[in-house]
Amino acid sequence: IIGGRGGIGRIFTRLFRSSGYTVEVMGHRDWDRAPEIMSGAGLVVVCVPIDCTAEVIGRLKGLLSPDCVLADFTSVKTSPVRQMMEVHEGPVIGLHPMFGPDISNMAKQVIISVDGRYPEKCSWVLEQMSLWGARIKKFSASEHDDAMSYIQALRHFTTFSYGVFLARENPDLNVLMELSSPIYRMELMMVGRLFAQDPVLYADIILSNKRNLDIIERYAEEIEGAIRLLKQGDRDAFIEQFRMTKEFFGPLADYFMSESKNLIAKMHDAKV
């Protein structure tokens, strides 16, 4: 596991070892020993930050045995999968664990799988992860990256922007917490959670491809349009847009309402 000393890397190092595999961990200081470390490896996982993924994959050329499975854990898939197939003629698979390093176990955790080459020779990796309790979801690289533009890049950007706005406005956060409804308290917690983590990770996710910036720009244009509507005092137009969006969500709107009530109830029960 290249990057096996990082948060996600440590999780998979522990899991593979607990399942009886011999696991070698590589860091940036270990490349002089790379041929020795990777000799006879059945699986090599690239688990490094997005900004150095391409460089690390490129350094693997000629180091892997023909039957070795080459995989990556990057949160974008199109470019890494393509590059892995360029440097390795054997089995290739793109993986994206949809969780952070703070999980206690793998039960019901989602891992996205993107086929590269010889998926039948990669199946044992997915089967092992399923045995740990993970839920494997298969998508194409383009489907994955398109969805991540909304799930990660746009979501992180809006959370980042809201947090920066609060910092500049400088309200008393303790007062906001005291006066907040359970839903707003939850939203504020998610904002605070973002800023408790590594800024490099989120910068790299948002900047990982141009599509992310295109979507963010369209989102900003939508906000500007909504502001114009409010400045005009156009109550009817606001209600019409609300109803149109409700139709888009369809039955999921009621489902999300029910799920959020359950989350609020759990938060209330957990209060000290």
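The following dialogue introduces the sheet, a salt bridge and the surface patches of a predicted model.

Visitor: In what order do the strands of the open sheet lie, and how are they paired?

Guide: Strands of a sheet pair through backbone hydrogen bonds, either parallel or antiparallel. In this model, five strands form an open sheet in the order E1-E2-E3-E4-E5, and the pairing is mixed.

Visitor: Which strands stand at the edges of the sheet?

Guide: The edges are held by strand E1 (43–46) and strand E5 (135–138); each has a single partner strand, so one side of each is left without a neighbour in the sheet. On average, and with direction ignored, neighbouring strands of this sheet are turned by 30° against each other.

Visitor: Where may one see the antiparallel sense of pairing, and over how many bridges?

Guide: Please look at strand E3 (residues 92–97) and strand E4 (residues 110–117), which pair in the antiparallel sense over six bridges. Within this pair, leucine 95 stands opposite serine 113 in E4.

Visitor: Do E4 and E5 run parallel or antiparallel?

Guide: E4 and E5 run parallel, and four bridges join them. Here isoleucine 111 stands opposite isoleucine 136 in E5.

Visitor: How many salt bridges does a search of the whole structure find?

Guide: The search finds six. One of these salt bridges is formed between the side chains of arginine 5 and aspartate 30, at 3.3 Å from N to O. This pair links distant parts of the chain, 25 residues apart: arginine 5 lies in the segment before helix H1 (7–18), whereas aspartate 30 lies in the loop between H1 and helix H2 (34–38).

Visitor: Turning to the surface, which residues make the nonpolar patch?

Guide: Phe248, Phe249, Leu252, Tyr255 and Phe256 make a nonpolar surface patch of about 550 Å². At least two of its residues are supplied by each of helix H11 (235–249) and helix H12 (251–270). The largest share, three residues, comes from H12, and leucine 252 is found in that helix.

Visitor: Which residues form the negative surface patch?

Guide: The negative patch is formed by Glu217, Glu221, Glu222 and Glu224. Among them, glutamate 222 is found in helix H10 (residues 210–231).

How values were computed
Residues are numbered from 1 along each chain as its sequence is written. This is a predicted model: local features need pLDDT of at least 70, side-chain atom pairs count only at pLDDT 80 or more; totals for chains, interfaces and linings use all residues. Side-chain values use heavy atoms; hydrogens and water are left out. Patches are made of residues with over 30% relative accessible area and no salt bridge: like charges are joined within 9 Å, nonpolar side chains (Val, Leu, Ile, Met, Phe, Trp, Tyr) within 5 Å. Accessible areas come from the Shrake-Rupley method with a 1.4 Å probe; for residues, only the protein chains shown count as cover. A salt bridge is a side-chain nitrogen of Lys or Arg within 4 Å of a carboxyl oxygen of Asp or Glu. Lys and Arg count as positive and Asp and Glu as negative; His and the chain ends are not counted. The place of a charge is taken as NZ of Lys, CZ of Arg, CG of Asp or CD of Glu. Two strands pair if DSSP finds at least two bridges between them. Axes are lines fitted to C-alpha atoms, for helices over the stretch in contact, and angles run from 0 to 180 degrees between N-to-C directions.
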